[in-house]
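Work through the following exercises with the sequence and the model side by side, and try each task before reading its solution.

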Amino acid sequence: MDLGIDPLTATAADLQAKLSDKSVTSQQLVKLYLGRIAQYNGYLKAVIATAPEDLLNKTAAKLDDERAKGKIRGPLHGIPILLKDNIAITPESGLPTTCGSLALVGSKPRKSAIIVGQLVEAGAIILGKANLSEWAWFRSDLANSGWSAVGGQTQSAYVRGGFREDDSNGGHSNPGGSSSGPAVAVSAGLSPISVGTETMGSLIMPSERAALYAIRPTVRIVPQEGIIPITLDGDTAGPMAKSVLDAVNLLDVLVDPSQTTVPEGGYKSAMTGQWGGIKIGVLEPKDWFWPTAVVKYERQATEQMIREIKSAYEKLGTLAKVVKPVKLLSPEEATEGGEKDIWAAAAWTFKDLLEEYLDSIDDCQIKTLEDLIKFNKDHAEQELPPGASNQAGLERSVTENLPKDEYRKLMDLARERCGKNGIDRTLEDNNVDIIMGPGDGLMMMISGTAGYPSATLPLGYLDFNGRPFGLQIMAKAHQEALLIQAQSAWEATFPKRQPPPLDDIVKGK
């Protein structure tokens, strides 16, 4: 049956319109997206697992029945969604929670993450779990982004030739991470929307490389309970979507309104589609790209990104009230040369947080961080292959000895340096509202350390291999609505994002 739906371009809002006019049912959508996963995931490796079809059909039928009786829970009613596989879900769902690690295969969370309950209550259908950089990229130093022992190496839906063996861990042929699977799945039409997580860049980087609209919320306004943690001072879940409206509808479900100020009418009310009085501070692109240890230098790619980003700045100058160059403290300045790095400081909290999570699940092969390290060594062929051959992050977490008051002092210092004395100061000193710069680069370290919101803006596609690239924007804490207004204005005034030539990519693998 032809449903008249192109999953490569269809948004959740498009699907909701079809559900509303009765031209499609949620049961048909489940079948459509399961078929897409079966067809393309063998190459993409974006999805770790899907729920049993009978369970999905039962859920979809219930939601179809509610719709027929006039009960609509909201814009996600009857819409399939994928979750990154570090978001806990109980075994009744028919889904695992592995964080990409073989050590968690077979484990059974006693409770689902709070955000899972929120999504179910909103009528979303949890289709499956998406692949990720194992342990959200915290396990290893410079492991290949998008790889996990459970899910394999996620591939971009756009990049010709896939992830090259001679590329760096986050090079231009890589999908980015750690929320690689959720990003690739949405861009490839395996799911209309997804939920990823981030500590420092894990929503923004893969979304930018999949031409998606993503929002990293202010830390702690999205419930963290049930998300396998790195540090509660940095972890957050966020939406990944092909349109701003989809991202915003998902954000409205995820955010706890008691922890922030949500606009009257929800975040959707911020979608004016106009730049209005927004004043933009723009960063010099070449100063904010990743170092070559992360992204291998490709002259053609670098030159194209600089050229098109600067062209976008010029266009914005004709659209926004103010567009002016600004300076922002560098990661080197923010961390005192790496001495005050919250990513490193997270090693102090990770062991206790991990073991607290392990205590909350049944039938797990490990109980402690030391058990996990030993498991990986005992299964080195699967868990420590080339490209992910170390577990330095885990090992530091065993030996790290930072007194609690010293940890708190470091975190508060980092927050102040990147927040009040970083982002806030740049905004205030230059009388601008948002800061804009390359989507694929170091800005995310500043917003991540500050715990501030950020968002993506799709822009272009690399001539040499097809990879999408774009911009990221950030603002003060709790200013998600301002970023959403900017995203909606961007979507209205810049060229539409392009779907991947997926069949050509898969055939040319």
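**Exercise 1. Determine how many disulfides the structure holds, and explain where Cys-99 stands in this respect.**

Solution. The model is a predicted one, and the structure holds zero disulfides. Starting from Cys-99, the nearest cysteine sulfur belongs to Cys-364 and is 11 Å away, and Cys-99 is in no disulfide. Since a disulfide requires two cysteine sulfur atoms within 2.5 Å, the 11 Å between the sulfur of Cys-364 and its closest cysteine sulfur, in Cys-99, is too far for a bond. As a last step, consider accessibility: Cys-99 is buried, with a relative accessible area of 2%, and Cys-364, at 14% relative accessibility, counts as buried.

**Exercise 2. Describe how the axes of helix H10 and helix H11 are placed relative to each other, and which residues make the contact.**

Solution. Two packed helices are described by the angle and the distance between their axes. For H10 (residues 342-359) and H11 (residues 369-378), the axes come within 9 Å and cross at roughly 90°, and the two helices are therefore roughly perpendicular to each other. On the H10 side the contact is made by Phe-350, Lys-351, Leu-354 and Glu-355, and on the H11 side by Leu-369, Glu-370 and Leu-372. Sorted by class, this contact has four nonpolar and three charged residues, with no polar ones.

**Exercise 3. Decide whether helix H5 is mostly covered or mostly open, and identify what covers its buried residues.**

Solution. Counting along H5 (residues 180-187), eight of its eight residues are buried, and the helix is mostly covered. The covering elements include helices H2 and H6, together with strands S2, S4, S7 and S9. Just after H5, Gly-189 takes a positive phi of about 75°.

How values were computed
Residues are numbered from 1 along each chain as its sequence is written. This is a predicted model: local features need pLDDT of at least 70, side-chain atom pairs count only at pLDDT 80 or more; totals for chains, interfaces and linings use all residues. Side-chain values use heavy atoms; hydrogens and water are left out. Buried means under 20% relative accessible area, exposed over 50%, partly exposed in between (1.4 Å probe, protein chains only). Helices (H or I, at least four residues) and strands (E, at least two) are DSSP runs, numbered from the N terminus. Contact means heavy atoms within 4.5 Å. Axes are lines fitted to C-alpha atoms, for helices over the stretch in contact, and angles run from 0 to 180 degrees between N-to-C directions. Angles under 35 degrees count as roughly parallel, over 145 as roughly antiparallel, 65 to 115 as roughly perpendicular and the rest as oblique. Ala, Val, Leu, Ile, Met, Phe, Trp, Tyr, Cys and Pro count as nonpolar, Asp, Glu, Lys and Arg as charged, and the others, Gly among them, as polar.
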